[in-house]
Amino acid sequence: MEIRKGIPVSPGLAIAPAIVLDSEQFRIPRRSIDAKEVQAELGRFRQAVERARSEIHELKERVARDVGEELGAIFDVQDALMTDNRLHEEVRELVEREHYAAEYAVSTVLKAYARKFLKLPNRYMAERVADVYDIEKRLLRHLIGAKRETLGRLTEPVIIIAHDLTPSQTASLDRSKILAFATDGGGRTSHTTIVARAMSIPAVVGLQTITADVSGGDMVVVDGNRGLVIINPDEETISRFHETEQRFRRMEESLGNLKDLPAVTQDGHEVALWGNIEFPHEVEACLARGASGIGLYRTEFLYLDREEDPTEEDHYQAYAEAIKALDGRPITIRTCDLGADKFTHLSGDYDERNPFLGFRSIRFSLQHIGLFKTQLRAVLRASVLGPTRIMFPLVTNLKELRQAKMILADVREDLEEEGVPFDRDLAIGIMVEVPSAALMARNFARECDFFSIGTNDLVQYTLAVDRSNERVAGLYTAGHPAVLRLIREVVQAACDAGIQVAVCGEMAGEPMYTVLLVGLGVHALSVSPATLLEVKKVIRSVTMDEAQKVADKILSFDSDREVDAYLSELTRRLLPEMVV
Ligand code: PEP
Ligand code: MG
């Protein structure tokens with residue numbers, strides 16, 4: 001049994017056999033062979049090695065010719081590894097003794113090599129692990145080739161182990177078969193994580209070496225509450241797992257009683273508690289957990305995994321579905337936030353060195369006016385079906401807001417001329433998710449109807465920490481005093497101007513920060529349905545006066561450690577049953 005610690009990003013527990021996806025997202029099946037097939041299987045292995053070696057020789061020659069002899073020599077390491085007697089011995093043993101299929105034996109042996117390399121203190125040697133993965137990929141390509149299996153044909157419940165998953169891959173996972181996932185990469189607010197939480201798939205990310213630690217078919221426990229992955233658990237751990245799972249379920253049930261109660265403080269101060277969605281069908285899950293509206297609809301998911309842009313009708317159908325499902329409750333539709341880690345076929349044209357600082361979000365929309373107008377038309381048309389607001393992401397200066405509003409005015413005019421009805425009072429807001437917008441909140445407040453603070457990006461841009469990079473995940477925290485001061489500034493600017501301010505980043509869904517945000521005066525919290533009821537419980541357990549005192553105290557701290565320690569202690573007191 002082995003235990004790995006990563007970043008807990010989506011709550012819940014699961015136990016199941018693992019499927020390990022190789023870097024090209026194909027699974028390596030745990031297949032056994034008959035005793036009489038052993039020789040043929042070893043022949044397949046030798047043939048795969050020969051083919052992979054000749055590929056490497058070709059590559060070596062090409063690189064030596066085009067770039068220089070020295071760089072060509074890089075491939076000697078791979079060639080030496082592939083002809084290594086020990087590798088051949090170990091694969092042969094697994095095929096002969098365990099009757100593993102060649103691909104499974106290769107994957108098992110090379111994973112063990114990768115683990116050893118990763119443990120080496122010598123950095124140069126540790127980095128050779130990339131060569132090991134490369135060899136694995138090459139051999140598997142020859143061994144499984146066209147027969148490679150994808151996730152489409154799952155028949156049994158499994159846990160996915162992958163280097164990383166893209167947001168659209170995560171969104172297409174079959175919830176009934178995929179019980180949890182664990183990845184080498186990723187961070188607390190990466191979009192893959194957000195999608196996992198929306199789909200209630202327990203997940204642990206940032207494990208760094210989990211694809212090397214686990215082999216396909218290993219029994220794995222994923223504990224999305226504590227960020228643990230347990231490989232091949234012993235009997236005692238399995239029974240403890242079942243106890244914890246039951247406790248988690250009982251806690252969920254008791255929170256279920258709060259579903260229809262309002263999110264009010266003990267002295268009657270109401271906070272709007274909304275859900276975040278990526279797809280219209282998620283409205284149902286938000287309502288089931290007691291959301292009183294949708295505060296963030298990430299519409300760019302309509303673009304992912306498509307060869308062509310969605311049409312105005314595709315947009316309209318999606319918005320209409322969400323608005324109708326809300327049955328009179330409000331929705332805030334965010335215009336497309338494409339770019340950075342969310343690519344479409346359009347992004348293929350741009351290869352950026354710093355995509356999070358690049359051509360994304362409103363910048364992308366303002367340069368693709370046709371595409372932007374198509375979306376705005378659909379939002380306006382759908383706005384007659386229920387209370388709808390529109391929101392622009394990643395606004396960094398007033399000019400962008402003014403341009404976006406001008407384009408919206410054009411679209412309104414067109415609809416007017418065509419006699420198409422829309423809500424004339426449609427509120428227009430911005431996401432405040434970069435320091436420049438936060439610092440200029442008073443100026444922005446004069447030109448829009450509401451703010452929604454996107455803490456996921458605000459943290460990343462304030463602290464200069466990539467939100468999806470597991471190596472700097474320790475530096476990524478919403479509790480940093482600089483972030484908190486920016487939030488306070490934005491809330492005060494909104495309150496002084498008399499406009500509404502919400503928080504829709506993941507911070508809003510972390511019960512630890514609820515009292516602070518309420519105390520700062522935030523009007524609405526928009527959260528993933530996974531933690532909505534916990535947040536409601538916290539709101540209902542304090543008075544506004546207490547919350548304000550907490551906020552004052554927190555803002556006097558000068559380190560995120562102090563902030564987090566104080567808030568953890570407070571949350572433990574308010575919600576003793578929630579510490580799993
Ligand atoms: C945010 O940045 O906090 C946010 C809600 O937007 P996204 O996570 O989609 O970037
Ligand atoms: Mg954002």
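**Cavities, a pocket and ligand 1**

Good morning. I begin with the second largest cavity, whose lining residues divide into two nonpolar, two polar and three charged. Those residues are Gly187, Arg188, Asp466, Arg467, Asn469, Ala473 and Tyr476. The volume of this second largest cavity is about 30 Å³. Please keep in mind throughout that we are looking at a predicted model.

How many cavities of 30 Å³ or more does a search of the whole structure find? The search returns two. The largest cavity has a volume of about 80 Å³. Its lining comprises 15 residues, and those closest to the centre are Arg298, Arg334, Glu433, Asn456 and Asp457. Two elements, strand 10 and helix 19, each give two or more residues to that lining. By class, the lining of the largest cavity holds three nonpolar, four polar and eight charged residues.

Where, then, does ligand 1 sit? Ligand 1 occupies the largest cavity. It is surrounded by 16 residues, of which Arg298, Arg334, Gly454, Asn456 and Arg467 are the closest. Arg298, Arg334 and Asn456 have already been named among the residues closest to the centre of the largest cavity. Arg467, for its part, also lines the second largest cavity.

Let me turn to the individual polar contacts. In the side chain of Arg334, an N or O atom lies 2.8 Å from an oxygen atom of ligand 1. The backbone contributes as well: a polar backbone atom of Asp457 is 3.0 Å from an oxygen atom of the ligand, and a polar backbone atom of Gly454 is 3.3 Å from an oxygen atom of the ligand. As for exposure, ligand 1 taken alone exposes 290 Å², and the protein buries 100% of that area.

Which elements build the shell around ligand 1? At least two residues each come from helix 9, spanning 191–198, strand 10, spanning 294–298, and helix 19, spanning 455–463. Helix 19 gives the most, with three residues. In composition, the shell has four nonpolar, five polar and seven charged residues.

I now move from the cavities to the largest pocket. Its volume is about 1300 Å³. The pocket is lined by 42 residues, and Arg188, Asn225, Glu510, Pro511 and Met512 are the closest to its centre. Two or more lining residues are supplied by each of strand 2 (7–10), helix 11 (235–256), helix 19, helix 21 (511–520) and helix 24 (560–574). Helix 24 provides the largest share, five residues. The lining of the largest pocket divides by class into 18 nonpolar, 14 polar and 10 charged residues.

Two recurring names deserve a closing remark. Arg188 lines the second largest cavity and is also among the residues closest to the centre of the largest pocket. Helix 19 gives two or more residues to the lining of the largest cavity, supplies three residues to the shell around ligand 1, and is one of the elements giving two or more residues to the lining of the largest pocket. Thank you for your attention.

Methods. Residues numbered from 1 in each chain as written. Chains lettered and ligands numbered in written order. Predicted model: local features only at pLDDT ≥ 70, side-chain atom pairs only at ≥ 80, totals over all residues. Heavy atoms only, no water. Near = heavy atom within 4 Å. Polar contact = N/O pair within 3.5 Å; in protein donor to acceptor, adjacent residues only side chain to side chain. Areas by Shrake-Rupley, 256 points an atom, 1.4 Å probe, with all protein chains shown as cover. 1 Å grid on protein atoms, 1.4 Å probe; cavity = no way out; pocket = protein on both sides within 12 Å on 5 of 7 lines; lining within 4 Å. Sits in = over half its atoms within 2 Å of the grid points. Helix = DSSP H or I, 4+ residues; strand = E, 2+ residues; numbered from the N terminus. Nonpolar A, V, L, I, M, F, W, Y, C, P; charged D, E, K, R; others polar. Points joined across faces, edges and corners; volume = space filled by probe spheres on them.
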